[in-house]
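Trainee: Could you walk me through this structure? I have not looked at it before, and I would like to start with the overall picture.

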Amino acid sequence: MDLAQRIRFEIDQRRDDLIALTQDLIRIPTLNPPGRHYREICDYLAERLAHSGFGIELIRAHDAPGDCDAYPRWNLVARRAGSAPGDCVHFNSHHDVVEVGHGWTRDPFGGEIEGDRIYGRGACDMKGGLAASVIAAEAFIAACPDYRGAIEISATADEESGGYGGVAYLAAQGYFSPDRVQHVIIPEPLHKDQICLGHRGVWWAEIETQGRIAHGSMPFLGDCAVRHMGAVLAEIEDTLMPLLASKHTAMPVIPPGARQSTLNINSIHGGAPEPEAGSTALPAPCVPDRCRIIIDRRFLIEEQIDEVKAEVTRLLERVKAQRPSFAYEIRDLFEVQPTMTDRDAPVVRSTAAAIAAVLGREAAYVVSPGTYDQKHIDRIGRLKNCIAYGPGELALAHQPDEWISVTDMADSAKVMALVLAELLGG
Ligand SMILES: [Zn+2]
């Protein structure tokens, strides 16, 4: 048998192990928020990977957002060096999962298997991908014990809430610096035949319109911040939305509806606070003096963030020119630059070749509409040779009855192991 055949054999031998590992990971309810059981899942993986010859580091992201004694932000980095110098291939998975939500017909933390599917919160996003990468590494080591370089596997916190207690923290500590790691694969559920090169950019901001409070029976004595916001929203509809729809990208974003600039208005609030549920009290009659919206602008690699922001400032100034008493404030909340790895990058070429070998079809290249931890590896770690590649259907992420296909996990594990063979083998 050649190395590729040995790898396939070793992964086929581990099918039950792959299932059991995925079920075990799902059964640790690493809910974020608030950040439960992070240490438990790191300990579980530490024991397993130590048994497979990895050196283990457990790293708590002290003082990261959300880190506290009740919910410490624990991360695991496991490294296994080969028998000769060479590159390091790093598989990074987040171990946190989002809330369960409504509509489940299965136990969200039961790890139930039926046919080819394992169900549970995080099955697809992304404990299935994490399990596939562990099996891929173990099978590769068995098939090619004398590899060169090093293999790393990390399980990191808080991707679902921005990654600041996870990959961002590790990147700031140098864990993704180019002298330590040369290739990164993030096994997010982008489907087993697709290579995700990067993501669009993000800008979140809060816009507040300001007025003056007065009695609701004499609104002419006040200045209604909600009416000012109405004018802002009308201007967004009339001028900004058509402008954004006209901006197209060469990035292969999926779904195709996201191949343009987009804007969501995440929330709106004006005037007195909402009454508490069950309250029978009547509201007081006041002219609202504040109204706030939070906007979520997704931008393209062809755009500059300064111009993205300037479009909104110009819009607000246009409203101001038409409304003499209009006043506003705008506050930045969050921003991420778009990123896209080159198709000629080594990890991309190796993964494309492995997909063709395992699945017998050409890899598709995609870009994610939303961001994930690649942003930190790129901006903080300064490592460009990074992709997302893993089993699962992105549409199932965060849904009720989330599931992962065992066959897809096994196929992806073969692809990941062949990437190791290409970059570290022989
Ligand atoms: Zn994810």
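Mentor: Let us begin with a term: two residues are in contact if their C-beta atoms, placed from the backbone, lie within 7 Å. Residues 24 or more positions apart account for 80% of the contacts in the chain with a separation of 6 or more. Please keep in mind that this is a predicted model.

Trainee: How many helices and strands does the chain have?

Mentor: The chain has ten helices and 16 strands. Of its 426 residues, 46% count as buried.

Trainee: What radius of gyration does the chain have, and what would a compact globule have?

Mentor: The chain has 24 Å, and a compact globule of 426 residues would have a value near 22 Å, so the two agree. Along the principal axes, the C-alpha atoms fill a box of roughly 85 × 45 × 40 Å.

Trainee: Which domains does the assignment give?

Mentor: Domain 1 covers 3–199 + 338–424, and domain 2 covers 201–272 + 282–336. Their C-alpha centres lie 37 Å apart.

Trainee: How many residues does each domain bring to the contact?

Mentor: Domain 1 gives eight residues and domain 2 gives twelve residues. On the side of domain 1, the largest share is three residues, and it comes from strand 14 (residues 364–368). That side divides into six nonpolar, one polar and one charged residue.

Trainee: Strand 14 interests me. Which way does it pair with strand 8, parallel or antiparallel?

Mentor: Strand 8 and strand 14 pair in the parallel sense, over four bridges. I195 has Y365 in strand 14 as its bridge partner. Strand 8 also pairs with strand 13 (residues 339–340), in the antiparallel sense and over two bridges. There, G198 has M340 as its bridge partner.

Trainee: And is strand 8 mostly covered or exposed?

Mentor: Strand 8 (residues 194–199) is mostly covered, and six of its six residues are buried.

Trainee: Let us turn to the open sheet of four strands. What is its order?

Mentor: The order is 10-11-9-12, with antiparallel pairing. Strand 10 (262–270) and strand 12 (327–336) are the edge strands, and each pairs on one side only. From one strand to the next, the twist averages 15 degrees.

Trainee: How many bridges join strand 9 to strand 12?

Mentor: Nine bridges join strand 9 (residues 201–210) to strand 12. For W204, the bridge partner in strand 12 is F334.

Trainee: Which strands does helix 6 touch?

Mentor: Helix 6 (residues 225–245) packs on the sheet and touches strand 9, strand 10 and strand 11 (290–299). The direction of helix 6 makes about 175 degrees with that of strand 10. Helix 7 (residues 305–322) packs on the sheet as well, touching strand 9, strand 11 and strand 12. The direction of helix 7 makes about 160 degrees with that of strand 12.

Trainee: What about the sheet of three strands?

Mentor: That open sheet has the order 4-5-16, and its pairing is antiparallel. Its edge strands are strand 4 (113–114) and strand 16 (403–405). Three bridges join strand 5 (residues 117–119) to strand 16, and in strand 16 the bridge partner of I118 is I404. Helix 10 (residues 406–424) packs on this sheet, touching strand 5 and strand 16.

Trainee: Now a single residue. Why does I135 count as buried?

Mentor: I135 is buried because 25 other C-beta atoms lie within 10 Å, and a count of 20 or more is what buried requires. I135 lies in helix 4 (residues 123–143). Leaving aside neighbours within four places in sequence, the contacts of I135 include I11, L18 and A413. I135 and A410 are 275 residues apart in sequence, yet 8.6 Å apart in space, C-alpha to C-alpha.

Trainee: Where should I look for unusual backbone geometry?

Mentor: As background, most residues other than glycine have a negative phi, and most peptide bonds are trans. Here, the peptide bond from P33 to P34 is cis, with omega near 5 degrees, and P34 lies in the loop between helix 2 (15–26) and helix 3 (38–51). Another cis peptide bond joins D125 and M126, and M126 is in helix 4.

Trainee: And what is the phi of D63?

Mentor: D63 has a positive phi of about 70 degrees, although it is not a glycine. D63 sits in the loop between strand 1 (55–60) and strand 2 (74–81), and is exposed, with 10 other C-beta atoms within 10 Å.

Methods: Residues numbered from 1 in each chain as written. Predicted model: local features only at pLDDT ≥ 70, side-chain atom pairs only at ≥ 80, totals over all residues. Domains from an automatic or database assignment. Nonpolar A, V, L, I, M, F, W, Y, C, P; charged D, E, K, R; others polar. Pairing = 2+ DSSP bridges. Axes fitted to C-alpha atoms, helices over the stretch in contact; angles between N-to-C directions. Rg over C-alpha atoms; globule rule 2.2 N^0.38 Å. Buried ≥ 20, exposed ≤ 12 C-beta atoms within 10 Å, placed from the backbone.
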